[in-house]
Amino acid sequence: VIITLVRQPHPSHSCLQTHTHSDTHHRHLAMEAKTFAYSPYSNFRVGAALLTSDGTVFTGCNVDNACYNLGICAERNAISKAVSEGHRKFKAIAIASDMEYQYISPCGGCRQFMREFGLDWEVYMTKLEGSFVKRMVEDLLPESFGPQNLKEGVIPVKNRN
Ligand SMILES: [Zn+2]
């Protein structure tokens with residue numbers, strides 16, 4: 001079942017207000033992270049805000065490289081920052097770009113990167129003005145290959161059947 005929610009941004013939201021980790025604030029952090037994007041070649045700024053199960057938020061931006069292949073996406077940047085500080089359980093990731101008419105959608109590589117840490121967490125794909133579509137990781141990468149498959153794969157062939 002794919003659940004799609006589309007909402008308008010909260011009209012009075014300001015990051016200067018006292019806040020909890022509300023959905024709105026979470027998405028706003030992704031927009032802020034976007035401003036740090038290093039994108040001289042792609043000219044495509046992306047920001048991500050990853051909410052861990054304990055309420056910590058890690059942000060990330062895309063980082064281009066003169067060797068184009070080496071650039072990294074905002075989502076993988078944020079996930080790597082979280083993992084490198086001991087976090088592996090995630091509730092949600094919000095993604096922001098400068099696209100006005102399309103929701104920013106994570107690339108296939110980032111979907112796989114998300115899937116490594118579970119299928120049952122939320123992905124908020126936003127437009128520039130703040131509206132969004134919500135999907136679960138599993139919706140974005142159905143019938144995926146993950147850690148459990150690899151465990152099964154290491155059983156020696158001779159011991160199968
Ligand atoms: Zn990506």
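Here a visitor asks a guide about a predicted model and the reasons behind its labels.

Visitor: Welcome me in gently. Which residue does the "active site" annotation cover?

Guide: Gladly! The UniProt annotation "active site", from an unreviewed entry, covers Glu75. You will find Glu75 in helix 2, which spans residues 74-84.

Visitor: Why is glutamate 75 called buried or exposed?

Guide: Count the C-beta atoms around glutamate 75: there are 28 others within 10 Å. A residue is buried if 20 or more lie within that distance, so with 28 glutamate 75 is buried.

Visitor: And what does glutamate 75 touch, leaving out residues up to four places away in sequence?

Guide: Its contacts include Ala48, Gly60 and Ile93. Among the others are Pro106, Cys110, Phe113 and Met114. A contact here needs C-beta atoms within 7 Å.

Visitor: Which residues does UniProt list for "binding site"?

Guide: The unreviewed entry lists Asn62, Val63, Asp64, Asn65, Ala66, Cys67 and Tyr68. Let us look at two of them. Valine 63 is in the loop between strand 2 (57-61) and helix 2, and tyrosine 68 is in the loop between strand 2 and helix 2.

Visitor: What makes tyrosine 68 buried or exposed?

Guide: Tyrosine 68 has 9 C-beta neighbours inside 10 Å. The limit for exposed is 12 or fewer, so tyrosine 68 counts as exposed.

Visitor: Why is valine 63 called partly exposed?

Guide: Valine 63 has 16 C-beta neighbours inside 10 Å. Buried takes 20 or more and exposed takes 12 or fewer; 16 lies in between, so valine 63 is partly exposed. Not counting residues up to four places away in sequence, valine 63 touches Tyr38, Gly71, Ile72 and Asn77.

Visitor: Now the sheet. What is the order of its five strands?

Guide: The open sheet has the order 2-1-3-4-5, with mixed pairing.

Visitor: What makes strand 2 and strand 5 edge strands?

Guide: Strand 2 and strand 5 (132-136) each pair on one side only.

Visitor: How do you know that strand 1 and strand 3 pair?

Guide: Two strands pair if there are at least two bridges between them. Strand 1 (residues 46-52) and strand 3 (residues 90-97) have seven bridges, in the antiparallel sense, so they pair. As one example, leucine 50 has isoleucine 93 in strand 3 as its bridge partner.

Visitor: Where does helix 2 pack?

Guide: Helix 2 packs on the sheet, touching strand 1, strand 2 and strand 3. The direction of helix 2 makes about 140 degrees with that of strand 2.

Key: Residues are numbered from 1 along each chain as its sequence is written. This is a predicted model: local features need pLDDT of at least 70, side-chain atom pairs count only at pLDDT 80 or more; totals for chains, interfaces and linings use all residues. UniProt positions are given in the numbering used here, feature names are shortened, and annotations may be inferred rather than shown by experiment. Helices (H or I, at least four residues) and strands (E, at least two) are DSSP runs, numbered from the N terminus. Two residues are in contact if their C-beta atoms, placed from the backbone, lie within 7 Å. Axes are lines fitted to C-alpha atoms, for helices over the stretch in contact, and angles run from 0 to 180 degrees between N-to-C directions.
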